[in-house]
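Colleague: I've got this model open and I'm a bit lost in it. Please pick one part and take me through it slowly.

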Amino acid sequence: TPAEKRERSRLWREIDINGNGYLSLAETDKGLRDIIQLNDLFDCKPAIMRAFQAAKGANKNSKARLGDDYVTRSEFRLLLLYLRRYFELFVMFDRIDSSDDRRLSLDEFTVALELIKAWGITIFYPELQFKKIDKDGHGMILFSEFCEWAISKNLDLVEDDDDDDDVFQSGVAAQHSSEGVYRAGGQMKAARPGRGGHYSQKHPTIDWAKIAQRLPSSRSSGDYAKRTELFDLFDMNGNNYISLAETDKGLRDVVMLDGLFDCKPAIMRAFQTAKTANPNSKARLGDDYVTRSEFRVLLEYLKRYFELFVLFDRLDGIDNDRRLSMEEFVGGAKELKDWGLPDSLDLESEFRTIDKNGGGKVLFDEFAEWGLAKCITANSYE
């Protein structure tokens, strides 16, 4: 408003002690104590430092000679906004930091889940979320790391009555998010899981219920909330795209499904199918990566292709060569019936239908395409 603009001009003149058109960190610090007289904020040096660093140089079009090292008049409004925002974040940080050592441990973070929920986010995977925030991997969350995460999640102190301002969406968050788009270094080699034996021999029992619980793909509000957090945990670069490598790593390190992680053919098929599931996506790299709008589809396909691979592996019982012969396919009649294939089907005829190139062997890709079309399933996840 015009009144606020006049008040900012007055504050600028009083804080800019040297009258040179630049504010240093020292002048900002002194101005908070002597001019604005906010002793609580003056005592909060981490918030002042973060706000100053965020504001200085924010105006890329500034022609000020020392603009990148000092706050200019055109950046002063941003400085005031950042001071308020970072002070709010420091209050949050301090409430979680029960040990008062200016660092957050996993225990402190976990104990504060209800508090964090009141600030706007429900955390379903606290240990994994903690590891993602702790970017240096030292086992403690520093204030700078907490700020980056809190801003990206739009945490808001309940009793704070600040006005909405899109600077926190486009300014701070953009400064702290990973720049550029991650590109995987080449295609992942689909190495055979369980070398020296069937996949089923390496994983004789499969906890289908655990897989269903850790890959929340239903349309319920509960699963939607879990997927929102899970996508961010898979998206290690924070660029809103998930690569094949990130999918692979996420299955091992985030949802910790070693059985599925060892099943590269299923992962590859699920990823390739999901990454183009949303034809209306305007994401720049949508055809090469899984976007947020396709993540539910990825989780569903991971479950479905894994189930089909388990059946494929059980049928591949003679030579374990990752290909099905006519003998193996027909010999698995009972298994196929248990998975829902009607008795009335002629298995030899079905085999020739699946074997599109007529080579006498059915590959997993061919089997999976047929299995999905026939709705082959043991209802493992139900």
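Modeller: Let's start with contact, which means heavy atoms within 4.5 Å. This is a predicted model: local features need pLDDT of at least 70 and side-chain atom pairs 80 or more, while totals for chains, interfaces and linings use all residues. Residues are numbered from 1 along each chain as its sequence is written, and side-chain values use heavy atoms, without hydrogens or water.

Now find Leu 230. Leaving aside its neighbours within four places in sequence, Leu 230 is in contact with Tyr 125, Arg 214, Pro 216, Val 254, Val 255, Phe 295 and Leu 299.

Leu 230 is one of the buried residues (under 20% relative accessible area, 1.4 Å probe, protein chains only) of helix α13. Helices (H or I, at least four residues) and strands (E, at least two) are DSSP runs, numbered from the N terminus. The other buried residues in α13 are Asp 223, Arg 227, Glu 229, Phe 231, Asp 232, Leu 233 and Phe 234, so you'll spot charged names in that list as well as Leu and Phe. What do they pack against? The buried residues of α13 meet helices α8 (126–133), α12, α14 and α17, plus strands β3 (241–242) and β4 (290–291).

Take a look along α13 itself: its 14 residues reach 20 Å from the first C-alpha to the last, close to the expected 20 Å (1.5 Å times one less than the number of residues).

Next, zoom out to the largest nonpolar core, meaning buried Ala, Val, Leu, Ile, Met, Phe, Trp, Tyr and Cys joined through side-chain atoms within 4.5 Å. Of its 50 residues, Leu 230 is among those that touch the most other members, along with Leu 215, Leu 302, Phe 306, Phe 329 and Phe 367. Elements giving two or more residues to this core are α12 (208–214), α13 (221–234), α14, α16 (264–274), α17 (295–315), α20 (347–354) and α21 (364–373). Helix α17 gives the largest share, twelve residues. A second, separate core has 42 residues, including Leu 83, Ile 96, Ile 141 and Trp 149.

Last stop: α14, one of the helices that α13 packs against. Arg 252 lies in α14 (residues 244–253). Arg 252 is partly exposed, at 36% relative accessible area (partly exposed runs between the buried limit and 50%). Beyond its neighbours within four places in sequence, Arg 252 is in contact with Asp 258 and Phe 261. Asp 262 comes ten residues along the chain from Arg 252, and their C-alpha atoms are separated by 8.9 Å.
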